[in-house]
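Thanks for coming. I will walk through one structure, starting with the overall fold and then going to a few residues. Please have a look at it first.

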Amino acid sequence: MATAVLTPDQLDGQAARLHDTQAWQQIVTGWEHTAAEPTPALALGPARVSDWRGMLSVPVDQLIDDTLRALPAPPPHERPLPGRLGAMLPDRVHLWRRVGQSDLRPSVHLGHARQILAAWGWQNTPYRLRNARGARCVCGAMISAHRLGYGSLDTVDRAGAWLITELRAQGWPGLIGPWNRHPGRTAADALALVDATIRRASLAGQ
């Protein structure tokens with residue numbers, strides 16, 4: 001099965017370019033504000049006092065959409081990851097797992113990447129998808145999740161852009177790779193970053 005070869009650095013660069021586009025900035029600007037600004041109360045005549053819809057400042061359909069969008073992403077489907085030997089094998093060995101898999105929201109894709117980091121381990125060797133034990137960097141976990149069947153390459157890019165958005169919110173000005181390799185970085189830091197990004201993307205409906 002032919003597939004695009006993507007390295008952690010390529011993912012990092014693509015996610016950064018997406019993050020810098022005007023369209024992406026429109027997506028993430030005000031993501032935490034899902035409801036419209038309040039409008040002055042409507043003047044209700046005696047015949048409409050019992051119509052509770054007239055007392056709302058936004059349509060009911062919008063309230064429902066806003067509520068659904070604010071719900072957290074469902075946990076990823078529990079399909080066991082390959083074991084430790086599978087973690088050490090090249091990802092192309094696992095490409096058969098992509099057959100028949102539908103696309104996912106970025107937050108769900110990141111949930112699978114988190115499973116990989118937790119089960120296979122985290123590493124910060126520069127410019128490496130994995131170390132000798134099969135542990136992944138943050139970008140490497142996202143790429144592995146894609147190759148295991150969890151999300152398209154477009155979803156991986158959007159998940160990476162959400163990661164960069166979260167890093168910017170935390171005050172990190174650079175890319176994901178340098179953050180992952182920064183001295184003193186720990187596996188707990190990596191998992192916390194992914195968790196915060198999942199929450200941010202979920203609240204935005206992604």
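**Overall fold**

The protein has nine helices and zero strands. Both kinds of element are DSSP runs, with helices being H or I over at least four residues and strands being E over at least two, and they are numbered from the N terminus. Written from the N terminus on, the order is α-α-α-α-α-α-α-α-α.

Before going on, a word on the source. This is a predicted model, in which local features need pLDDT of at least 70 and side-chain atom pairs count only at pLDDT 80 or more, while totals for chains, interfaces and linings use all residues. Residues are numbered from 1 along each chain as its sequence is written, and side-chain values use heavy atoms, with hydrogens and water left out.

How much of the protein is buried? Of its 206 residues, 43% count as buried. Buried means under 20% relative accessible area, exposed means over 50%, and partly exposed is in between, with a 1.4 Å probe and protein chains only. The protein exposes about 10900 Å², and carbon and sulfur atoms supply 60% of that area. The areas come from the Shrake-Rupley method with a 1.4 Å probe, and for residues only the protein chains shown count as cover.

Next, contacts, meaning heavy atoms within 4.5 Å. Taking contacts between residues at least 6 apart in sequence, 74% join residues at least 24 apart.

**Residues linking distant parts of the chain**

Start with the aromatic rings. The structure holds one aromatic pair. Tryptophan 24 and tryptophan 162 make up this pair, with 5.1 Å from centre to centre and 70° between the planes, which is edge-to-face. The two residues are 138 apart, with tryptophan 24 in helix 2 (residues 22-28) and tryptophan 162 in helix 7 (residues 153-169). For the terms: rings of Phe, Tyr and Trp (its six-membered ring) pair if their centres lie within 6.5 Å, and planes under 30 degrees apart are stacked, over 60 edge-to-face, and the rest tilted. Tryptophan 24 is buried at 2% relative accessible area, and tryptophan 162 is buried at 0%.

Helix 7 also holds valine 156, which is buried at 0% relative accessibility. Leaving out residues up to four places away in sequence, valine 156 touches Leu11, His109, Met142 and His146. Its C-alpha is 9.6 Å from that of leucine 104, and the two residues are 52 apart along the chain.

Now the loop between helix 7 and helix 8 (176-181), where leucine 175 sits. Leucine 175 is partly exposed, at 31% relative accessibility. Beyond residues up to four places away in sequence, it touches Asp12, Ala16, Ile164 and Leu167. Leucine 175 is 166 residues from aspartate 9 in sequence, yet their C-alpha atoms are 9.3 Å apart.

Glycine 13 belongs to helix 1 (residues 8-19) and is buried at 17% relative accessible area. The C-alpha atoms of glycine 13 and glycine 177 are separated by 9.6 Å, with their positions 164 residues apart along the chain.

**Cysteines and polar side chains**

How many disulfides does a search of the whole structure find? The search finds zero. A disulfide is a covalent bond between the sulfur atoms of two cysteines. Here the criterion is a pair of cysteine sulfur atoms within 2.5 Å. Why is cysteine 137 not bonded to cysteine 139? The sulfur of cysteine 139 is the closest cysteine sulfur to that of cysteine 137, but at 5.6 Å it is too far for a bond. Both count as buried, cysteine 137 at 7% relative accessibility and cysteine 139 at 3%.

Serine 144 is in helix 6 (residues 138-147) and is buried at 0% relative accessibility. Its side chain makes a polar contact of 2.9 Å with the side chain of arginine 136. A polar contact is a pair of N or O atoms within 3.5 Å; within protein, one must be able to donate a hydrogen and the other to accept it, and residues adjacent in sequence count only if both atoms are side-chain atoms.

Last, arginine 185 lies over the face of tryptophan 172, 5.7 Å from the ring centre. That label requires NZ of Lys or CZ of Arg within 6 Å of the ring centre and within 35 degrees of the ring normal.
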